[in-house]
Each structure stands twice: as C-alpha cells, then as structure tokens.
Amino acid sequence: MNQRSTRQLAATYEVLAASTDHPTAEQMLDRVRRVIPRVSLGTVYRNLDKLRNQGRLRTVWLGGGVAHYDAVLEPHDHFVCEACGSVLDLSTSRGGAARGRPRDALRRRGYVVRWQTTAVYGVCPACAAARHAGQRQLEA
Ligand SMILES: [Zn+2]
C-alpha cells in the first residue's frame, strides 16, 4: 500500500472513531474531506470495507436501506429517531438471558451468528419537543 492510501485509510478510521453518530458513507466522505480534501466517495467506500475486513468497524443497518458505520466494537443496541434519523448508542444489559435466546436458537439451527444488536425506534427528545411546540402553535 502506498503512502497516500495508508494516510487515507488512517484518516477514515480516525474520522469514524471520533464520530458518535453512526455516519453513512456519504457523511464519512464530507468528514474525511475536511482532512483530505480530494478524496473520492469510491475511496471512502473501499477504506470502510477494508476497515470492516480488519475488524475495526461494524456496519449497522438501522432501516432505510443505508449502511451506517460504527467504530464501537463492543456489542450494544441503538436508538433510532424516526423524525431526524439520529442514532444513539444504548449500553447492552449484560447477561440478560432473554438476549441470548434468539442467538442460541439460530446456532442450533446451523446459523453462524457473529453478533447481535437491537434497534429501538421512536422520537428523540429534541424532535419530541419540536413536535410539542408545533402542536401548541396549531392549538393557539
Ligand atoms: Zn453504535
């Protein structure tokens, strides 16, 4: 790997590790461009793929058919705001017997399970407040 691609790969990882909002590839492109202005979307995709193959990030599917990228490798759940699309990490309750069950059932049936995440969907406090304010305006 030449020096330029090494630098682009490192920058991509650093940008993701500094992001807590589970960016998409397009969002990653904007952020990586702040460090390396002439990087292309194709390069960002390739580097995200490389990092995933190296086990340094996870792809998270949260609905909407777009991959989100997460540098937090510990198993954890997500809250997804259906109004603004923001994603929040939820700490996983460890040792919960119920959590293990679907995984174990799948394994018994021959599925290879790598990891498990649950997404909770709803409205974040900021969007809930905005809705509430909007409703009051309608009522007034
Ligand atoms: Zn996450």
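**Exercise 1. Give the order of helices and strands along the chain, and judge the overall spread of the fold.**

Solution.
Step 1. Along the sequence, this predicted model runs α-α-α-β-β-β-β-α-β-α.
Step 2. The radius of gyration is 19 Å, whereas the globule rule gives 14 Å for 140 residues. The value is well over the rule, so the protein is more spread out than a compact globule.
Step 3. Count the elements: there are five helices and five strands.
Step 4. Along the principal axes, the C-alpha atoms fill a box of roughly 60 × 50 × 25 Å.

**Exercise 2. Describe burial, surface and contact range for the whole protein.**

Solution.
Step 1. Take burial. The cut-off is under 20% relative accessible area. Of the 140 residues, 34% pass it and count as buried.
Step 2. Take the surface. The accessible area is about 9300 Å². Carbon and sulfur atoms hold 52% of that area.
Step 3. Take the contacts between residues at least 6 apart in sequence. Of these, 47% join residues at least 24 apart.

**Exercise 3. Which residues coordinate the zinc ion, and how are they spaced in sequence?**

Solution.
Step 1. List the donors. They are His22 (NE2), Asp70 (OD), His76 (NE2), His78 (NE2) and Asp89 (OD). The distances are 2.0 to 2.1 Å.
Step 2. Write the spacing of the donor residues: H-x47-D-x5-H-x1-H-x10-D.
Step 3. Pick out histidine 22 and histidine 78, a pair that links distant parts of the chain. Histidine 22 sits in the loop between helix H1 (3-17) and helix H2 (25-35). Histidine 78 belongs to strand S3 (residues 76-81). The two are 56 residues apart.
Step 4. Check their exposure. Histidine 22 and histidine 78 are both buried.

**Exercise 4. Characterise the backbone and the burial of histidine 22.**

Solution.
Step 1. Look at phi. Histidine 22 has a positive value of about 55°, although this residue is not a glycine.
Step 2. Now the area. Histidine 22 has a relative accessible area of 3%. Buried means under 20%, so histidine 22 is classed as buried.

**Exercise 5. Arginine 109 and asparagine 47: buried or exposed?**

Solution.
Step 1. Place arginine 109 in the loop between helix H4 (97-108) and strand S5 (119-122). Its relative accessible area is 63%. The cut-off for exposed is over 50%, so arginine 109 is exposed.
Step 2. Relate arginine 109 to isoleucine 36. They are 73 residues apart along the chain, and their C-alpha atoms are separated by 47 Å.
Step 3. Place asparagine 47 in helix H3 (residues 41-53). Its relative accessible area is 3%, so asparagine 47 is buried.
Step 4. Set aside neighbours within four places in sequence. Asparagine 47 is then in contact with Gln8, Leu9 and Thr12.

**Exercise 6. Classify aspartate 30 and give its separation from serine 40.**

Solution.
Step 1. Aspartate 30 is part of helix H2.
Step 2. Its relative accessible area is 48%. That falls between the cut-offs of 20% and 50%, so aspartate 30 is partly exposed.
Step 3. Serine 40 is 10 residues from aspartate 30 in sequence. From C-alpha to C-alpha, the two are 9.9 Å apart.

**Exercise 7. How many aromatic pairs are there, and which residue lies over the face of tyrosine 13?**

Solution.
Step 1. To pair, ring centres must lie within 6.5 Å. The count is zero aromatic pairs.
Step 2. Turn to tyrosine 13. Arginine 56 lies over the face of this ring, at 4.3 Å from the ring centre.

Terms used
Residues are numbered from 1 along each chain as its sequence is written. This is a predicted model: local features need pLDDT of at least 70, side-chain atom pairs count only at pLDDT 80 or more; totals for chains, interfaces and linings use all residues. Side-chain values use heavy atoms; hydrogens and water are left out. Donors are N, O and S atoms within 2.8 Å of the metal (3.2 Å for Na, K and Ca); water is not among the atoms, so sites may look incomplete. Helices (H or I, at least four residues) and strands (E, at least two) are DSSP runs, numbered from the N terminus. Buried means under 20% relative accessible area, exposed over 50%, partly exposed in between (1.4 Å probe, protein chains only). Rings of Phe, Tyr and Trp (its six-membered ring) pair if their centres lie within 6.5 Å; planes under 30 degrees apart count as stacked, over 60 as edge-to-face and the rest as tilted. A charge sits over a ring if NZ of Lys or CZ of Arg is within 6 Å of the ring centre and within 35 degrees of the ring normal. The radius of gyration is taken over C-alpha atoms; the globule rule is 2.2 Å times the number of residues to the power 0.38. Contact means heavy atoms within 4.5 Å. Accessible areas come from the Shrake-Rupley method with a 1.4 Å probe; for residues, only the protein chains shown count as cover.
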